Amino acid sequence: MNGHCDCTVVGGGISGLAAAWYMHLAGLTVRVLERAGVPGGTIGTIEDGGWMIEKGPNSALETTPLFDAMFRALGIAGERLYADPASDRRYILRGGRLHALPMSPGAFLTSTLWTAPGKLRLLKEPLVGRAAGEETVAGFVRRRLGSEFLDYAINPFVAGVYAGDPERLSVRAAFPKLYALEARYGGLVRGMIGGARERRRRAETAKDRARMFSFRAGMQTLPRALAHALGDALELGAAVEAVEHDGGKFTVRYRREGEARAVTSRAAVMAVPAYAAEGLVRPLAPGAADALGRIGYPPVTEVFLGYRREAIGRPLDGFGYLIPEKESRSILGTIWSSALFPGRAPAGHAALTTFVGGARQPALALADDDTIMRAVNRDIGEIMDVRADPVYRQICRWERAIPQYAIGHLDLMKTLDACEERLAGLYFCGNYRGGIALGDCLIAAEALSRRVAGGARTNNHQQP
């Protein structure tokens, strides 16, 4: 079975689905090929006896107006749920105790999370000059804010967002807006003032002020709605085997239901993880394949546990907590899932989602279930005063979880840029490019769709 369209999208995760949907709105014919039997990639929701488990992202931040426009167009705006206001409260473990992350100058001054010398060190920030070259996140924070702020704020934050190591990640690639505060304004304090003006002009919301949301039926509501809107343009269970280029056209060969198939198009979007795109594009662009192969993805295992509410000795009065590496624990942190959104646990019960592994302890993420459960039960039992065994559990494993924007990442992206210029019609799209957050993926997908649509119009005008 063969076919033809304007653009073939390889990968039906959120980046591929969103890019295809935007192209469809622009009037292009698209075909989305997804290996799995369900759309969404890492976004997936399990409903089981009153428990709701998110296999991937547990929520998202409404950082761009693209969200609302998309939800309204898809008819799911009414399904959106905003997190309980208490979710603004987050905790960091220090000395075996949970300390609230201060959210105001007054709370910072009275916080027990940092020592008095650590707080005083922050006052030097406006006096620190710019960096001479590319820096790690750790190097940037240590230079501008001091080691204590790195250890008990940024280190756990990076573990929670990237499952990464701030000593390896590039601040310019992983946190470009933070880097820009120094590059444009000379410092973080001055930059926060100027950056607020820029966000207002772009109609964007800072991540620390954006509202957190999910859906009544979980995060999989979004990819399901996109899949429904794309209809027959989405093929599930389609294992792509090769991407060929000849005479200005791309042929994507795949196998579905045991049958060899192919689709030809003027454009092809690689919307699979970097490690999957590497093998597909190597015959066409070995340099780009090498760049994709250098992007690491550490393993992460998610442990969802359900308890009777009385078994937990502390109030679930926030989002959850993160654990600094210096605390020498086995887990990265825990989300208090049932405290964020309704319908995540049966009445009288509480749901906790805990993460292990990442760049900090990759071997633990790959351990057997019993080893992981012993580590998780020990840590959350001590941290949260849990007094009984869980009544429900679900373990979700990601052997390659989140792309790491390490030192040199931007050079890898330049290699992909050069490949797109040389092989007109070939595009790369995914959370390894432009940001890992859901909002970043939507922004990148919408921008990519405009590029593809522009290329298609140019090609059509050139036809005799």
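In the predicted model, helices α5 and α6 meet through Val137, Ala138, Val141, Arg142 and Leu145 on the α5 side and through Ser147, Phe149, Leu150, Ile154 and Val158 on the α6 side. Sorted by class, this contact comprises eight nonpolar, one polar and one charged residues. The axes of α5, which spans residues 137–145, and of α6 come within 9 Å and cross at roughly 145°, and the crossing is right-handed.

Helix α6, formed by residues 147–162, also lies across three strands, namely β7, β15 (320–322) and β16 (331–335), and runs at about 120° to β7. These strands belong to an open sheet of seven strands, arranged in the order β8-β7-β15-β16-β17-β14-β18 and with mixed pairing. The edges of this sheet are occupied by β8 (97–100) and β18 (392–398), each of which has a single partner strand, so that one side of each is left without a neighbour in the sheet. On average, and with direction ignored, neighbouring strands of the sheet are turned by 25° against each other. At the β8 end, strand β7 (residues 90–94) pairs with β8 in the antiparallel sense over four bridges, and within this pairing Arg94 stands opposite Arg97 of β8. Helix α15, made up of residues 369–384, packs on the sheet as well, where α15 touches β7, β8, β14 (300–308), β15, β16, β17 (349–357) and β18, and the direction of α15 makes about 55° with that of β14.

An open sheet is also formed by three strands, which follow the order β5-β9-β6 with antiparallel pairing. Here β5 (60–61) and β6 (80–82) stand at the edges with a single partner strand each, and one side of each is therefore left without a neighbour in the sheet. The antiparallel strands β6 and β9, the latter covering residues 212–215, are joined by three bridges, and Ser214 in β9 is the bridge partner of Leu81. Helix α2 lies across β5, β6 and β9, and its course makes an angle of about 15° with β9.

Besides lying across these strands, helix α2 (residues 66–74) approaches helix α10 (residues 221–230), the two axes coming within 10 Å and crossing at roughly 55°. The two helices are therefore oblique to each other, and α2 passes α10 in a left-handed crossing. The contact is made by Met70, Phe71 and Leu74 of α2 together with Leu222, Ala225, Leu226 and Ala229 of α10; by class, this amounts to seven nonpolar residues, with no polar and no charged residues.

A further helix pair consists of α12 (residues 286–293) and α16 (residues 409–422), which pack at an angle of about 150° with their axes 9 Å apart. This angle makes α12 roughly antiparallel to α16, and α12 passes α16 in a left-handed crossing. On the α12 side the contact involves Gly287, Ala288, Ala291 and Leu292, while α16 contributes Leu412, Thr415, Leu416 and Cys419. Of these contact residues, six are nonpolar and two are polar, and no charged residues take part.

Parallel pairing is found for strand β1 (residues 2–10), which is joined by eight bridges to strand β13 (residues 259–270) and by four bridges to strand β2 (residues 30–34), again with the two strands running parallel. In the pairing with β13, Val9 stands opposite Val269, whereas Val10 stands opposite Leu33 in β2. In a regular strand, side chains alternate between the two faces of the sheet.

Strands β11 (residues 239–246) and β12 (residues 249–256), in contrast, run antiparallel and are joined by seven bridges, and Arg253 in β12 is the bridge partner of Ala242. Two residues separate these strands, which form a hairpin, and Gly247 in the turn has a positive phi of about 60°.

As for the confidence of the prediction, the protein averages a pLDDT of 94, and 95% of the residues score at least 70. Over residues 460–464, however, pLDDT stays under 50, and for this stretch the model has one contact beyond four places in sequence.

Key: Residues are numbered from 1 along each chain as its sequence is written. This is a predicted model: local features need pLDDT of at least 70, side-chain atom pairs count only at pLDDT 80 or more; totals for chains, interfaces and linings use all residues. Side-chain values use heavy atoms; hydrogens and water are left out. Axes are lines fitted to C-alpha atoms, for helices over the stretch in contact, and angles run from 0 to 180 degrees between N-to-C directions. Angles under 35 degrees count as roughly parallel, over 145 as roughly antiparallel, 65 to 115 as roughly perpendicular and the rest as oblique. A crossing is left-handed if the near helix is turned anticlockwise from the far one by less than a right angle, and right-handed if clockwise. Contact means heavy atoms within 4.5 Å. Ala, Val, Leu, Ile, Met, Phe, Trp, Tyr, Cys and Pro count as nonpolar, Asp, Glu, Lys and Arg as charged, and the others, Gly among them, as polar. Two strands pair if DSSP finds at least two bridges between them. pLDDT is the predictor's confidence in each residue, from 0 to 100.
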